[in-house]
Amino acid sequence: MLNLEWRPAFGWSLIIVLAAACIALFVSLQLGFFLLLFAALAWWVWKNPEEGFLLFLITAPLLSMFKATQTIPTVTLIKDVIILTLFTKLFLVPACMKRLPYRRSILFAPAAMLVLWTALETLRADSLALGILRSREIILYLLFYFAVLYLSHSKDVWRRRLSWFTTSVFLTMVLAGYQWFFAADSAVLRFDPGRSIWIPRISSTFGHPSVYGEYLVAASTLFLSAALFLVRRNERVLFMALFLVTLPFIFLTYSRAVWIGFAAAMGVMGIVWFWKRLTSLALKQGGLSFVRRSTSPLEGEVGRQRPDEVNKNRWLLGIFGVLIIAALTVIVIRFTPAGPLLRSAFDPTYKSNEERLTFAARLVAPMSNLDALIGRGLGDVTAQQFRRVDVGAEEITAGASRDVQLAKDATLVDNQYLKTFVEMGLLGLVIYFWLFWRFAKGAWKSMQYAVNSTQKVVGLWSAGFLAAFIVQALFIDIWDIFPTNAMFWIVGAAVSAALTPVVESK
C-alpha cells in the first residue's frame, strides 16, 4: 500500500496524467505533453522556490528567443508556471492560513489599485479575449512582485542570485558577439541618417535590439552598483570590468531608446552616488560637519566646517558631477556616430518620427472627454488604428500561438504613456506614476538608511533602473516587453526587502 504521505501526490499525479491524455487525444498532442511538463515544473518549484526563482533568471533570455522566432512558443509558458507557483506558495497560501510573515511593501497600494483598474478596463474592452491577454501582461508580473518579496533576502542568497544572473548576462553577450562577427544576416538593420548606410544591430537571444538593450541596461546598472559598494576588492574589480564590457554591446544595439535610457540611468546614479558619499563624510565626523583633511604640514590643525558650508559643498560637488555627465554627453553626440541617431530621435521630419506623430494623432483624435479620463478599454488601440486582428477563446485553447501573438502585436504603439492613456485614460497614467513615485521613494530610502553593502547596491541599482525604465517607456511599450516588465517588479521587491527590518538567516 502507498504511504499516507504519498497518497495525495499520487492522486494529483493521476489526475494530471489523465487530463494530459485527454488533451493530447482530443485537442493537441503538444499541449498534452506540455501539461505534463508544466505540472512537473510546478511541483519542483513548489518544493524549491529559491531554485525556481534562479531558473527564471537564467531562462528569461532564452524564452525571449522562443517567443520571437515562434519556435515551440508554448515553452514560453514556463515563466507563467514559475510565477504562479511562487506566488501561490509564498504569498497566497500563507495569507489564507494567516501565516504570512511581515514584509514592508512599498508598492502594495498602487499595485492593488492597478489590479482593480485593469479588471475594470478589461471588462470595457471591445474584444474581451484580447483584453484578457493584455491584462495578463499587466497582472502576471505584478504577482511576481509579491512572490519575490517573500523569498529569503539574506546577503548570501543575494550573492548567489547575483552570480547566476551575471552568468546568464555574460552568455547573452557571448551569443551577441557571435551574431555580430559570424551571423550578421540574423541582425536587425537600422538606417544611419548621418552616414546614409544600413547598420546591423545585435539582439542576441532577444527578438529585437531594443529589448536586448533594455536587458543590458538593467544588468549594467546592477554591475556598476556592485562595483561601487561591494566590500571585497576582487568583486569590485570584476563587476567594474563587467560594466565596461556591457558598454560596447549597448552601443551596438543602435537603439536610441536604449542609449537615452542608459544616459538617464548613469546621470541619476551619479547624482545619488555623489550625495551618498557626501552624506557619509558628514556622518563620519559627527553628522553635522565633516573634517577637511590637511594637505600640508604647514596648515597645522585640521579645520572643521560649519553645517552651511557642508551643504554648500554638497551642492557644488553635485553640480560638478552633473557638468561632467553633460560634457561627456556632448562629446558623444558631437564626435561619435551616435550623434546623428540621437539627434534624429527629436527630429519631427525624420521618417520614423513623422510616422509616429501621425499615428499618435490618429489614436488620440477620436477620443471623447470621458475616454480621456477613463480610457477606452484594454486592447482597444487596435480599433483606433483602423485595423484589427481578432483572437478568441478557440485560438487560445488550441495553442494557436501565432494568432495570439499577432493579436497582441496589433496593440503596440511604441510609447507606453500614449498606450496607457488610450486604454486606461488619465487615471491609468496617475496609477503608473504613483508606482514610479513609490519606487523612487523606496530607492532613495534604501540608499539613505543603508547599513550594509547589499542595501547600498540595491538602492543605487533601483535608482538607475527606474530612470532608464521611465525614459525607455517613451519609445516602446515597456510594460509589455519581457523580461523588462518582470525586472521592474523584481527590483521593486528587492527595494522593499532592503527596507524591511528583518534579519534573516541563510
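**Entry 1: α6 and α20**

I looked first at a helix pair: α6 passes α20 in a right-handed crossing. Right-handed here means that the near helix is turned clockwise from the far one by less than a right angle. This is a predicted model, in which local features need pLDDT of at least 70, side-chain atom pairs count only at pLDDT 80 or more, and totals for chains, interfaces and linings use all residues. Residues are numbered from 1 along each chain as its sequence is written, and side-chain values use heavy atoms, without hydrogens and water.

I then checked the geometry. The axes of α6 (residues 128-149) and α20 (residues 484-499) come within 8 Å and cross at roughly 30 degrees. The axes are lines fitted to C-alpha atoms over the stretch in contact, with angles from 0 to 180 degrees between N-to-C directions. α6 and α20 are therefore roughly parallel to each other (angles under 35 degrees).

I listed the residues that meet (contact: heavy atoms within 4.5 Å). On the α6 side they include Y141, Y145 and V148. On the α20 side W489, A493 and S496 are among them.

**Entry 2: the whole chain**

I counted 20 helices and four strands in the protein chain. These are DSSP runs, with H or I over at least four residues for helices and E over at least two for strands, numbered from the N terminus. Buried residues make up 49% of the 506 (under 20% relative accessible area, 1.4 Å probe, protein chains only). Among contacts between residues at least 6 apart in sequence, 73% join residues at least 24 apart.

**Entry 3: α19**

α19 covers residues 453-472. I compared its length with the expected span (1.5 Å times one less than its number of residues). Its 20 residues should span 28 Å, and the end C-alpha atoms are 28 Å apart, so the two agree. Of these residues, 17 are buried. N452 caps the N-terminal end: a side-chain oxygen lies 3.2 Å from the backbone nitrogen of T454.

**Entry 4: α9**

I ran the length check on α9 (residues 233-252) too: 28 Å expected, 30 Å between the end C-alpha atoms, which agrees. Its buried residues include F239, L242, F243, T246, F249 and I250. Residues three or four places apart point the same way, because an α-helix has 3.6 residues a turn. Y254 follows α9 and has a positive phi, near 50 degrees.

**Entry 5: A183**

I found A183 in the loop between α7 (155-182) and β1 (188-192). A183 counts as partly exposed because its relative accessibility is 21% (partly exposed runs from 20% to 50%). The C-alpha atoms of A183 and I202 are 9.8 Å apart, across 19 residues of chain.

Methods. Polar contact = N/O pair within 3.5 Å; in protein donor to acceptor, adjacent residues only side chain to side chain. Parallel < 35°, antiparallel > 145°, perpendicular 65-115°, else oblique.
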